[in-house]
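Student: I should like to work through some features of this structure, one question at a time. Could we begin once the sequence and the coordinates are in view?

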Amino acid sequence: MSAQAGKRDWGARVIILAPYLWLAAFFLAPFVIVLKISLSQTALAQPPYLPVFDLTAGWSGLKDFVAQLSADSFRLLFSDALYLFSYLKSLQVAGISTAILLVVGYPIAYGMARVSRAWQPLLVIAVVLPFWTSFLIRIYAWINILQREGPLNDVLMRLHVIDTPAAWLSSDTAIYIGVVYSYLPFMVLPLYAVLEKIDETLLEAAADLGCPRWKSFWLVTLPLSLPGVAAGALLCFIPIVGEFVIPDLLGGSETLMIGQTLWTEFFSNRDWPVAAAIAVALLGLLLVPILFYERFQQQSLEGGR
Amino acid sequence: MAVGGEAAESRATGEKPPLVRFEAVSKRFGRVTAVEALTLDIAQGEFFALLGPSGCGKTTLLRMLAGFEVPTEGRILLGGEDIVAVQPHRRPINMMFQNYALFPHLTVEGNIAFGLRQENATRADIAERVTEMLALVRLQGLGGRRIGQLSGGQRQRVALARSLVKRPRVLLLDEPLAALDKKLRAETQFELMELQRKLGTTFVIVTHDQEEAMIVADRIALMNHGRLMQVAKPAEIYERPNSRWVADFIGEVTLVEGLISADDAIDSALGQLRVAGIGVAKSGDKAWLALRPEKINMSSERPAGELNALAGTVFEIGYRGDMSIYKVRLADRTLMKVARANVSARGKASFGAGDLVWLSWPPDAGVVLTG
Amino acid sequence: MKRGASPFNTISVVLGLAFLYLPITILVIYSFNASRLVTIWGGWSLAWYRQLLHDDAMLQSAWISLRVAALSASAATVLGTLAAVALTRMGRFRGRLLLSGMVYAPLVMPEVITGLSLLLLFVVVNVDRGFWTIVIAHTTLTMCFVTVIVQSRLVGFDRSLEEAAMDLGCPPLKTFLTITLPLIAPAIAAGWMLAFVLSLDDLVIASFTTGPGATTLPIRIYSEVRLGVKPEINAVCTIMIAIVALGTVASSLIVKRGVMRRERAALGAQV
């Protein structure tokens, strides 16, 4: 009996430790490193920063190490308006996009929840399928459409809405279109999951008590769907803040979003400490929403039982 | 389906016109017929029960009255007016749902006041009526609780309060006591009856529990396969069932098959049995004698003077505490059910398995059924 | 939710789907356009597909992407399933909150942050970047998706099946392997597919963690796209769309057939 218990313990430990160790090594440790590098100084060396952590240097090496840490990168972030505007722009784009996604995605999710059960799995696949085709491809498809000689201008000119081809690309509008297009499944699916679970007898009860259809939507369906709204909004807002590909391909060269700024600092300027500082500040900015999201996940999984 | 003897009694007695009338109502779902050409009256102030096995159509009928299903054919009249085209939220009918359907995002007070808020009642009026309702269902002071914090019995009361607060003309109850344990169910049954008497509202209850229907209802409509089998007061359904199906569905019964031989007798495999009357049946018709277990006497010797007396052996005893049901094997190897109250406090049975006994009953103890 | 969609509901869904599929449809159509210019329709042609077959660099990138995706998806599925089991079946162990946090964070974290942090890790530890660093990075990113899918399946799983098995003498580990695992297999398969597709499609993290000779398909497409619209790209994209579409439809049919067979078996058992 005790041998069996011991074996079970060992098995349970493996189950917990395997993913734990992997994530600790490849998720947590990297963040610590990012923090450390954000406190380093730029150097023309390989790797391009100082100090380099050297375990063999001993205690005095450690003291040197700490002495060389500097908050220069962070000071740069706060002093140069470029970075501030970049953060603000990212928050703005994320905020507005999330709002658009809600307005566009809710009717779709609601419609999906109301069709007969036979159609629903098909609709879910239909909504998810574009997401499974390459993200890059879909943005590229929009470049196709939005370019000067593209079909959008073609159609608009034929309908006499505009006279000369308009420049849709390299603009904020193009970014919004691309973002809404790419993140729509992330908004629709959590909403649909919550809407689909709403007990239909609740709506019957509302009708029985005198509520016409549109009113029972406001008083019963909408409040009960709020967890889905929150989950979808967070699932979209947080990653959009750090978006890189969409603004890079569809946006203009005026204010860059923070993801682009980070990329430029890292790849073009080879300024790793500043790039790391941008990442740390971004993480700090998003910490509260991320924690909210984590709480939601816990609640929804525990409440679902 | 031709039912032997009397026609299915569906008209309400009394001079007043019925409050609710189903007129030749049918409901089909694709190829399945849930309700078949049903005509039924429900009187004002009645506690009416729809009873039957699963799938008999009683819930469908209730939902048509509430407005959640639309009849394929027929009319539904409320106070003389056809309400089939009226949307559920416009009908002066309220329903207490089987799963209660309480709004989880509202408090007790919020749930009860919900219906009143749709009527645009004043804030003071709403508060007053909600307090009144809470007192009526004995939930005073719990107005601020969230639904998740309530027990099953408390939730049931909130559901009841919510459905009554609008003072509907008809209250529909869809298996309201199914989730309660036996003791709570018995208490709630009496509370429902008291409530109905006090308010005078017409209650229509759907249940598959025949005991419940017999206790609470003024009249019962027994349904099977979408049709009415018998509509009558509980005592009448029990004592004078109109068919073998009804006799078998309600309570326990022994059916003895035979041929009518005279105005007061049936010839069966057990000999000639005397009956009090054969109704519209004629001599030579096939008939069944329905005998309720409590109407049969059991004795160790042949009783003198009884016209109907049969010998048998006790085969099995079902002990129920208050009474025991004896299964007695007769000469033709059929079983007859006899019920005896356990009057002896010491729990000693008067008869044991294998005992030879005599069963007897007066001619008017049984009912002759031809269908 | 009540069945019975109003016209507004139907229109919303149709418009939504149209919006989602229109750009892809246009792209597919243009991949067959004989003319280079988007404004002129030159007739149907397979020229770009033929050109694609001769583009060695593109083909090699595709091969690299497929191998990275297969390896990382498999590793992610194993680790993700373990994490899901740990979170749902192991009760409240020490560090559960941290594990849960680490598992769900990549779902929302901006990819530039995860990409940067992984690259810095590899630099500090002095690992040569290339094929294997991308595999590690993708495994880390996609395992959380697998966990989400498998966890939601486990939470809804009927425990009485496991209890019945143990009641009949089956030890817990064996019960898991012979009873639970087969029944949640569709969720695990779905997780693998999702991890595969995410890896195949990833640009940002691959860009950070790649090295010489490990150019994945998205990286190559991206560098070409920056130079402007090219019809060969349309052809590549159309092929990828076709593969994914066929794969999704095939897998859903397989799952459906599996479900139908199980349901029929269950019904047969009842008769």
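Tutor: Let us start with a backbone detail of this predicted model. Just after α12(A), the residue A:R270 takes a positive phi of about 50 degrees.

Student: How many of the 11 residues of helix α12 of chain A are buried?

Tutor: A residue counts as buried if 20 or more other C-beta atoms lie within 10 Å of its own. In α12(A), the residues that meet this cut-off are A:I258, A:G259, A:Q260, A:T261, A:L262, A:W263, A:E265 and A:F266. The helix, residues 258–268, is therefore largely enclosed by the rest of the structure, and the number of buried residues is 8.

Student: Are α6(A) and α8(A) parallel or oblique to each other?

Tutor: Helix α6 (residues 135–146) and helix α8 (residues 172–197) of chain A pack with their axes 10 Å apart, at an angle of about 140 degrees. Angles over 145 degrees would count as roughly antiparallel, and those of 65 to 115 as roughly perpendicular. The angle of about 140 degrees therefore makes the relation of α6(A) to α8(A) oblique.

Student: Which residues of α8(A) make the contact with α6(A)?

Tutor: The crossing of these two helices, α6(A) and α8(A), is right-handed. From α6(A), the contact draws on A:F135, A:R138, A:I139, A:W142 and A:L146. By class, the contact of α6(A) with α8(A) has 7 nonpolar, 2 polar and 1 charged residues. The residues on the side of α8(A) are A:A174, A:I177, A:G178, A:Y181 and A:S182.

Student: In chain C, how many charged residues are there in the contact of α3(C) with α6(C)?

Tutor: Helix α3 (residues 56–89) and helix α6 (residues 131–155) of chain C pack at an angle of about 40 degrees, with their axes 6 Å apart. The two helices α3(C) and α6(C) are therefore oblique to each other, and their crossing is right-handed. The residues of this contact divide into 18 nonpolar and 10 polar, and the number of charged residues is none.

Student: Which helix supplies the largest share of the side of chain A that touches chain B?

Tutor: Between these chains, 14 residues of chain A are in contact with 16 residues of chain B. On the chain A side, α9 (200–208) and α10 (213–241) each supply at least two residues. That side has 9 nonpolar, 2 polar and 3 charged residues. The largest share, 6 residues, comes from α9(A).

Methods: Residues numbered from 1 in each chain as written. Chains lettered and ligands numbered in written order. Predicted model: local features only at pLDDT ≥ 70, side-chain atom pairs only at ≥ 80, totals over all residues. Axes fitted to C-alpha atoms, helices over the stretch in contact; angles between N-to-C directions. Helix = DSSP H or I, 4+ residues; strand = E, 2+ residues; numbered from the N terminus. Parallel < 35°, antiparallel > 145°, perpendicular 65-115°, else oblique. Left-handed = near helix turned anticlockwise from the far one by under 90°. Nonpolar A, V, L, I, M, F, W, Y, C, P; charged D, E, K, R; others polar. Buried ≥ 20, exposed ≤ 12 C-beta atoms within 10 Å, placed from the backbone. Contact = placed C-beta atoms within 7 Å.
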